[in-house]
Amino acid sequence: MSATSRERFQSSLRRARKIAVLTGAGVSAESGIPTFRGAGGLWRRYQATSLASPEAWQRDPGLVWEFYNHRRERALGCRPNPGHHALARLEARFREAGGVFTLITQNIDGLHEQAGARDLVRLHGSLWQVRCLSCGSVTENRGVPITPAFAGSGSPDPETRARRFTAAELPHCSCGGVQRPHVVWFGEALKESDLAAAAAGVDGCDLLLVVGTSAVVYPAAGFVPLAKRHGALIAEINVEPSAVTSLCDFVFTGGAGEILPSLLDLAPALAP
Ligand SMILES: [Zn+2]
């Protein structure tokens, strides 16, 4: 990256009064969270993405919970990386200065929160929340295993002897209903209130940062044009060019953990 581009970006960052940040799987991958997409996307003999679906839940909720139990176990051992921390510091500093800051993430792993993010829109839900299928209530649940019956289960090893979990072994709400992961599965609609909060954060912002995501999938794909409508500057921080690269005013190529700490570090007077 040229010093000029970096300086221009930092001067825009200093002048900005409203900032929106969109993050995706790339940020978490640096912390060791598996993406379960593409070549590495297998869990046992299943295409992992096919387990994140209402159809898979209909077929075998215990299998879906085993998959999520495994993901929770993996996430438990992961820590926020310097990219998460740099964004959380920017949010704190920006807020203190009276600015409006909205972090919109497609990640469900909770690493932004762990790093100290406060105003967060989780477009795809959370690995650490469950939702009751009877009363609809959403609750925090950090239990690993998710219920005692799932202890030692969820191994991705294809040789694992599969056993079917009974309905009684699944997590249950205090109302008696079965709970599912509070994440947005393939084929499901995003929550209206999350979409509205994200759009409100992006609309009229001075600066939009697109970090670790290709931003090709709805609704992320709509954020760049929405930001542009009022003349926002767009910065992309990604390991490779994406579909939005050509629309960006600044492109920084590399991992978030490697790029963000020095990029978001402003003049000493403004530093945290
Ligand atoms: Zn309930």
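**A note on two domains and the contacts that hold our attention**

1. Let's begin where the two domains meet. Domain 1 and domain 2 bury about 790 Å² between them, and 48% of that area is on carbon and sulfur atoms. Buried area here is the accessible area (1.4 Å probe) that two parts lose on being put together, summed over both. On the domain 1 side, Ile 108, Arg 122 and His 124 lose the most area to domain 2, together 56% of what that side buries. Please keep in mind that this is a predicted model, in which local features need pLDDT of at least 70 and side-chain atom pairs count only at pLDDT 80 or more, while totals for chains, interfaces and linings use all residues. Residues are numbered from 1 along each chain as its sequence is written, and side-chain values use heavy atoms, with hydrogens and water left out.

2. Which residues belong to which domain? Domain 1 takes in 1-32 + 80-124 + 190-272, and domain 2 takes in 34-77 + 125-183. These bounds come from an automatic or database domain assignment. The C-alpha centres of the two domains lie 30 Å apart.

3. Back to the interface, where 10 residues of domain 1 are in contact with 11 residues of domain 2; contact means heavy atoms within 4.5 Å. The rule finds zero salt bridges across this interface, a salt bridge being a side-chain nitrogen of Lys or Arg within 4 Å of a carboxyl oxygen of Asp or Glu. There are, however, four residue pairs in polar contact between the domains (both at pLDDT 80 or more). A polar contact is a pair of N or O atoms within 3.5 Å; within protein, one must be able to donate a hydrogen and the other to accept it, and residues adjacent in sequence count only if both atoms are side-chain atoms. The residues of domain 1 that touch domain 2 divide into four nonpolar, four polar and two charged. For this sorting, Ala, Val, Leu, Ile, Met, Phe, Trp, Tyr, Cys and Pro count as nonpolar, Asp, Glu, Lys and Arg as charged, and the others, Gly among them, as polar.

4. How many salt bridges does the rule count? The count comes to nine. One of them joins the side chains of Asp 60 and Arg 164, at 3.5 Å from N to O. Asp 60 lies in the loop between helix H4 (54-59) and helix H5 (61-76), and Arg 164 in the loop between strand S7 (138-140) and strand S8 (179-183), so the pair ties together parts that are 104 residues apart in sequence. Helices (H or I, at least four residues) and strands (E, at least two) are DSSP runs, numbered from the N terminus. Asp 60 counts as buried at 14% relative accessibility, whereas Arg 164 counts as exposed at 56%. Buried means under 20% relative accessible area, exposed over 50%, and partly exposed in between (1.4 Å probe, protein chains only).

5. Two further salt bridges are worth a look. Glu 169 pairs with Arg 163, with the closest N and O atoms 3.1 Å apart; Glu 169 is partly exposed at 21%, and Arg 163 is partly exposed at 42%. Arg 229 pairs with Asp 203, with the closest N and O atoms 3.3 Å apart. Arg 229 lies in helix H9 (residues 220-229) and Asp 203 in the loop between helix H8 (192-202) and strand S9 (207-211), so this pair ties together parts that are 26 residues apart in sequence. Arg 229 is exposed at 57%, while Asp 203 is partly exposed at 29%.

6. Stay with H9 for a moment. Which of its residues are buried? They are Ala 220, Phe 223, Val 224, Leu 226 and Ala 227. What covers them includes strand S1 (18-23), strand S4 (100-105), H8, S9 and strand S10 (233-238). After H9 comes Gly 231, whose phi is positive, near 85°.

7. Two backbone details deserve a check. The peptide bond from Val 144 to Pro 145 is cis, with omega near 5°, and Pro 145 sits in the loop between S7 and S8. Arg 44 has a positive phi of about 55° although it is not a glycine.

8. Finally, try Arg 180 in strand S8, which is buried at 5% relative accessible area. The side chain of Arg 180 reaches the backbone oxygen of Val 183 at 2.7 Å, and a polar contact of 2.8 Å joins it to the side chain of Glu 188.
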